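Me: I'd like a close look at one part of this protein. Please take a single residue, then work outward to what surrounds it.

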Amino acid sequence: MSLTAQDAQLLITGGLIIDPVQRTQRVADILIRDGKIVAIDENIPAQAKLRGKVPTIDAAGLVVAPGLVDMHVHLREPGFEYKETIATGTRAAVAGGVTSVACMANTKPVNDCPSVTRYILERAKAAQLARVHPIGAVSVSLAGEQLAEFAGMHEAGIVAVSDDGMPVMDAELMRRALECAKMFDIPVIDHAEDKTLAAGGVMHEGAMSLRLGLRGVPAAAEDVMVARDVALAGLAKGHLHIAHISSAGALETVRQARSAGIHVTAEVSPHHLWLTDAAVEGYNTNAKMNPPLRTEEDRQALRAALADGTIDVVATDHAPHHKDEKDVEFDQAAHGVVGLETLLPLTLRLVHDGLLDLPTAIAKITSEPARILRLAAGRLEVGVPADLVVIDPDHEWVVSSESLLSKSKNTAFDGWKMRGRALVTLVDGRIVHDLRPNGVAAAR
Amino acid sequence: MFERRHLLGLEGVSAAEIAFLLDTAESFKEVSEREIKKVPTLRGRTVVNLFYENSTRTRTSFEIAAKRLSADTINLSASSSSAQKGETLTDTARNLAAMRPDAIIVRHPSAGAPHLLARHVDCPIINGGDGAHEHPTQALLDLLTIRSHKGQIAGLTVAIVGDLLHSRVARSNLFGLRTMGARVRFVGPPTLVPPEFADLGAELVNDLHEGLRDADVIMMLRIQRERMNGRYFSSLDEYSRLYCLSGEAVAKARKDVIILHPGPMNRGVEISSTVADGPYSVIMDQVTNGVAVRMAALYVLVGRRREIESAGEDAVNEPVPLRRAAAAE
């Protein structure tokens, strides 16, 4: 639905505009032309004599923010199209207000060479929904033995490297990855888990795992790996980004590393902010993820770390799995949950709780991940591409797994009451998601 | 009273429910003493034994229990079922359910497998042991054995010794014994007795002799040889050096102590033959009680439920099942 030249203007009027970089908010209008933001000001329609002439989104009472950036997504294509495709995943993304996703390399084939990177980008271009930024593998086939082709993949368009899902157990390989990634100014994203300690565990190790008779993964499996990798980042003077941080111990290590001047950043997933291992009760496989849901103490530590800035980003670890991979014995069930369509309301909930102010909460899902991945996204200022989300902050709705647009329905938040939702999503000034009554038509 | 649809575990089961099951089992003991060991209680009912793990004792015990109640029994083991052809547990369950069994007894290496089954089939599910989670009928037969020897369970000190980490027997017993008012000590090396067990109500002791002090009941757990691979403990010999139940260790307990073991025993590893065959051992009573407890579970979940459904509320108050069963014979 490309716009003609004549149509290539769009006004968004009267919204509360969030600038996550400056951490400010004000009511103003936005004028979009040829896919870019050309003006942010009060009363643009009158000034520019545009009233009635340009398609307009009336955002009075609504919030206008940069499109969200989800830096941790599994789009599953190529290879696992039965779980998700780039088209369905980016459809779910824009429905959740997410306009940029960074997708992990654990596809089949693995994204460990430029041809796979290019394939992903081509598929994303064909889908014409959210922007897709591939993350390359650290090691060939995620086998943890030999570095993947960083240079070739970087030229093709990767924004980071990660063996997400498979920790890099070889410390020397991790060191070299951090050194090599520096050449391309990209972070190494760390799935911090000591596999020998995790030893086949399927949930957090504690009283709950003992009660349920399930094999546990101790928090120490994450703590020791974060400690190791922070030391390696110091040695390599590289940029280490800790994915889905989940334990209080790992947070302490990140704090210490930061104060020692080591370049380490961190993200947390919404499920670790909202759920604990108690959710596994009844062998609920939609509470099975890696890292596992941990204790209430860990959850509180994560929230505090998000508020004090130790954690930079909220990212979903959107991990679609087919029903048949979840409707099995807990031991056998696949790890992970979908998250793209619940990222925004769950982040807004932190504002409702008084943990974060609105611009800071929005920064955690826009400008902060963009900063870590060196993306141009996540800003709301004149001259940038019009990747925007218009949020109805008071829209109340109930998550229903069957209504999700993702191909997989494995949400941990089925039945949760949410407040706040992406009403309209724009990518390059194009409306790619619209929940308004007479939505798209009204905008034209 | 026991109004649950399934018997998935003893956690959360009330003292009144457990007492009811034990009383019911007590009344069934007599059937096994008869010349003709059969009552018609479950005539025309079908009980499926679905076993994904090897088991002789539990499967046989359930089968005998069902047959003494006149139910038809079908045994399915993982090797003969479709599991080897890659069929999922859920599909197997649905297929079985379509044949309208009246109860499925399931043993499975994964904790929670019976709970998964219960979500997919209509008939009552009895957990015959799921991974390291629960083994409720084993704990019930242990409770019955303890109660018959000690008169009551409340106030007793029960020491459970061995690989507690991986033991479903220990968990079910912990829940059941605590609910019935006993003190429970978990005795074993730190690798097999994680501290979080204390949150579940157990007292944790590493030293065998200290753990047995003044115990009314000693319950030895089977040590799985394949687990003693140098990770949890150096070797089987090293384990038995510290934890084998010898006469000397038993002397630390009360004079009238009874000793239980869920079987199969590793003689000379976790229990010496002298003790296993000695005067304190009630291991054979456990096996006998196992049949009675499983008859009770099947009766309560299958037979009695039908009576309740057809007769209305009056039948709920019917305390002794056998009177009617015997009369019908």
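With which side chain does the side chain of B:H108 make a polar contact?

Reply: Keep in mind that this is a predicted model. The partner is A:E329, from the other chain: the two side chains make a polar contact at 2.9 Å.

Start with the residue itself. B:H108 lies in strand β3 of chain B. Is B:H108 buried or exposed? The cut-off for buried is under 20% relative accessible area. B:H108 has 4%, so it counts as buried.

Now its neighbours. Leaving out residues up to four places away in sequence, B:H108 touches A:E329 from chain A, and B:Y52, B:E53, B:L89, B:A113, B:G129, B:D130, B:G131 and B:R168 from chain B. Several of these lead to elements worth following. B:L89 belongs to helix α3 of chain B, residues 89–98. B:A113 falls in α4(B), which spans 113–120. B:G129 and B:D130 fall in β4(B), at 125–130. B:R168 falls in α6(B), at 168–179.

Take α3(B) next. Its buried residues are B:L89, B:T90, B:T92, B:A93, B:L96 and B:A97. Their arc around the axis is only 160°, so they sit on the same side of α3(B). The general rule behind such a pattern is that an α-helix has 3.6 residues a turn, so residues three or four places apart point the same way. What covers these buried residues includes β1 (46–51), β2 (72–77), β3 (103–108) and α4 (113–120) of chain B. So the strand that holds B:H108 is part of that cover. After α3(B) comes B:R100, with a positive phi near 55°.

Next, the interface with chain A. Here 26 residues of chain B are in contact with 16 residues of chain A. The two chains bury about 1500 Å² between them, and 53% of that is on carbon and sulfur atoms. There are 8 residue pairs in polar contact, counting pairs with both residues at pLDDT 80 or more. On the side of chain B that touches chain A, the elements giving two or more residues are α3, α4 and α6. α4(B) gives the most, with 5 residues. The rule finds 1 salt bridge across this interface. It joins A:R211 to B:E11, with the closest N and O atoms 2.6 Å apart.

Finally, the domains. Chain B is divided into domain 1 (15–134 + 287–327) and domain 2 (136–285). By these bounds B:H108 falls in domain 1, and its neighbour B:R168 falls in domain 2. The C-alpha centres of the two domains lie 27 Å apart. In this interface, 28 residues of domain 1 are in contact with 27 residues of domain 2. The domains bury about 2200 Å² between them, 59% of it on carbon and sulfur atoms. The rule finds 3 salt bridges across this interface. B:E26 forms a salt bridge with B:R147, with the closest N and O atoms 3.8 Å apart. Residue pairs in polar contact between the domains number 13, with both residues at pLDDT 80 or more. On the domain 1 side, the elements giving two or more residues are α1 (15–28), α2 (57–68), β3, β4 (125–130) and α11 (283–311) of chain B. α1(B) gives the most to that side, with 8 residues.

Back to the starting point. B:H108 lies in β3(B), and β3(B) is listed on the domain 1 side that touches domain 2. The side chain of B:H108 also has its polar contact with A:E329.

Methods. Residues are numbered from 1 along each chain as its sequence is written. Chains are lettered from A and ligands numbered from 1 in the order in which they are written. This is a predicted model: local features need pLDDT of at least 70, side-chain atom pairs count only at pLDDT 80 or more; totals for chains, interfaces and linings use all residues. Side-chain values use heavy atoms; hydrogens and water are left out. Buried means under 20% relative accessible area, exposed over 50%, partly exposed in between (1.4 Å probe, protein chains only). Helices (H or I, at least four residues) and strands (E, at least two) are DSSP runs, numbered from the N terminus. The arc is that of the directions from the helix axis to the C-beta atoms. Contact means heavy atoms within 4.5 Å. Domain bounds come from an automatic or database domain assignment. Buried area is the accessible area (1.4 Å probe) that two parts lose on being put together, summed over both. A salt bridge is a side-chain nitrogen of Lys or Arg within 4 Å of a carboxyl oxygen of Asp or Glu. A polar contact is a pair of N or O atoms within 3.5 Å; within protein, one must be able to donate a hydrogen and the other to accept it, and residues adjacent in sequence count only if both atoms are side-chain atoms.
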